[in-house]
Amino acid sequence: MKLPVSFLWPDFLWLLLAVPLLVLGYVWLLRRKKKLVLRYASLAIIKGAMAKNLPWRRHVPPALFLLGLTALLLAASRPLGVITLPGSHGTIILAMDVSLSMRATDVLPTRLEAAQTAAKAFLAELPRNIKVGIVTFAGTAQLVQPPTLNREDLVAAIDRFQMQRGTAVGSGIVTALAELFPDEGINLSDMIYGNAQRGRSIDDAAGKAKPKKEFVPVAPGSFESAVIVLLTDGRRTTGVDTQEAAKMAADRGVRVYSVGLGTVDGEVKGFEGWSMYLKLDEPSLKAVAQTTDAEYFYAGTAEALKKVYEKLGTRLQLDKKETELSALLALLAAVLAISSAALSLAWFNRIL
């Protein structure tokens, strides 16, 4: 079983053995002092003094001092603990499915309208200092609103959604990554059609192109400046492979929170002469979240989708991080030591 606290310098924990030794030494001194007092003073005087001075007080300063020493020794071992802190995400990219299946009415009034309403509520609850961008995907993917603090522009972009055929889930993730990392040269067309060599510029052919910086993968979920929220109601039918796109996000440390909307079992629906298979690819969406160290949410109704966005807002505003606790323990040790000295001076006119 994994302990909630780990230590960078665990060998220093052996120093804690000094604490029970000090307690034993304190008890021995008390007994020795008691014997000396009984040898040279009358019992009546001792009882009167003890009644007057409340004998439990004399143990409080040493107890506080020992607690402070324990905290200081723990601080020396440099403990690490997982604590919840305000989130540091500066940008959120909403990657939203606008395929024709979003016209389905199993989520009232339609899947698309429910998604638009929930997204607007999500924007209203986010802190104003977080930028939000919007990517839509169907047969292909496109950035419909670059990251901005202007909530009115975002709402207007959501209202302009246009539905198309196809579901390019992976392309939506890649387009979001291209916006988050503009200097990496992420090109959706190159990934789909393999145009990297055929589409070289004149500078490339002349050998004048700037060498690309070598890409070094990082730990999944380690990029704290941005996250992607992916919403879809179906399975990928075209575009970049979904898991390949998820791996790209994971290698850049970007979390992709996936939201599945609609029918899990799947059924054929018809819209204006088109028919489509509406089964939600939950395993794929769960894999995306797992690969990028994020979470998957299922929303089968408009109300459930609203609650999902509320949970996402909370997740993105609070982060759990492994943090060194040495400074807090050192501060606690100082407070206990000062309190011990202050009480000893106030009650006995001496320090311990």
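In the predicted model, Arg-78 lies in the loop that joins helix H3 (60-76) to strand E2 (79-86). Although Arg-78 is not a glycine, its phi is positive, at about 55°. With a relative accessible area of 25%, Arg-78 is partly exposed, because the range for this class begins where the buried class, under 20%, ends and reaches to the exposed class, over 50%. A second residue of this kind is Asp-293, which is not a glycine and has a positive phi of about 60°. Asp-293 is found in the loop between helix H10 (282-291) and strand E10 (296-299), and with a relative accessible area of 41% Asp-293 is likewise partly exposed.

A further backbone feature occurs in the loop between strand E3 (91-97) and helix H4 (111-125), where Pro-109 is located. The peptide bond that leads from Leu-108 to Pro-109 is cis, and its omega is near -5°.

The strands E3 and E10, which border two of these loops, both belong to an open sheet of six strands, arranged in the order E5-E4-E3-E6-E7-E10 with mixed pairing. Strand E5 (141-148) and E10 stand at the edges of this sheet, and each has a single partner strand, so that one side of each is left without a neighbour in the sheet. On average, and with direction ignored, neighbouring strands of the sheet are turned by 15° against each other.

Within this order, strand E6 (residues 226-232) stands between E3 and E7. E6 is mostly covered, as seven of its seven residues are buried. The covering extends to both faces of E6, with Ala-226, Ile-228, Leu-230 and Thr-232 buried on one side and Val-227, Val-229 and Leu-231 buried on the other.

E6 pairs with E3 in the parallel sense over six bridges, and with strand E7 (residues 255-261) it also pairs in the parallel sense over six bridges. From E6 the chain crosses through helix H9 (residues 242-251) to E7, in a β-α-β crossover that is right-handed. Among the individual positions, Thr-232 stands opposite Gly-260 in E7. On the side of E3, Leu-94 stands opposite Val-229 in E6, and Thr-91 stands opposite Ala-226 in E6.

Helix H4, which follows the loop containing Pro-109, packs on the sheet and touches E3, strand E4 (131-137), E6 and E7. The direction of H4 makes about 170° with that of E3.

Conventions:
Residues are numbered from 1 along each chain as its sequence is written. This is a predicted model: local features need pLDDT of at least 70, side-chain atom pairs count only at pLDDT 80 or more; totals for chains, interfaces and linings use all residues. Side-chain values use heavy atoms; hydrogens and water are left out. Helices (H or I, at least four residues) and strands (E, at least two) are DSSP runs, numbered from the N terminus. Buried means under 20% relative accessible area, exposed over 50%, partly exposed in between (1.4 Å probe, protein chains only). Two strands pair if DSSP finds at least two bridges between them. A crossover is right-handed if, with the strands pointing away from the viewer, the path from the first strand over the helix to the second runs clockwise. Axes are lines fitted to C-alpha atoms, for helices over the stretch in contact, and angles run from 0 to 180 degrees between N-to-C directions. Contact means heavy atoms within 4.5 Å.
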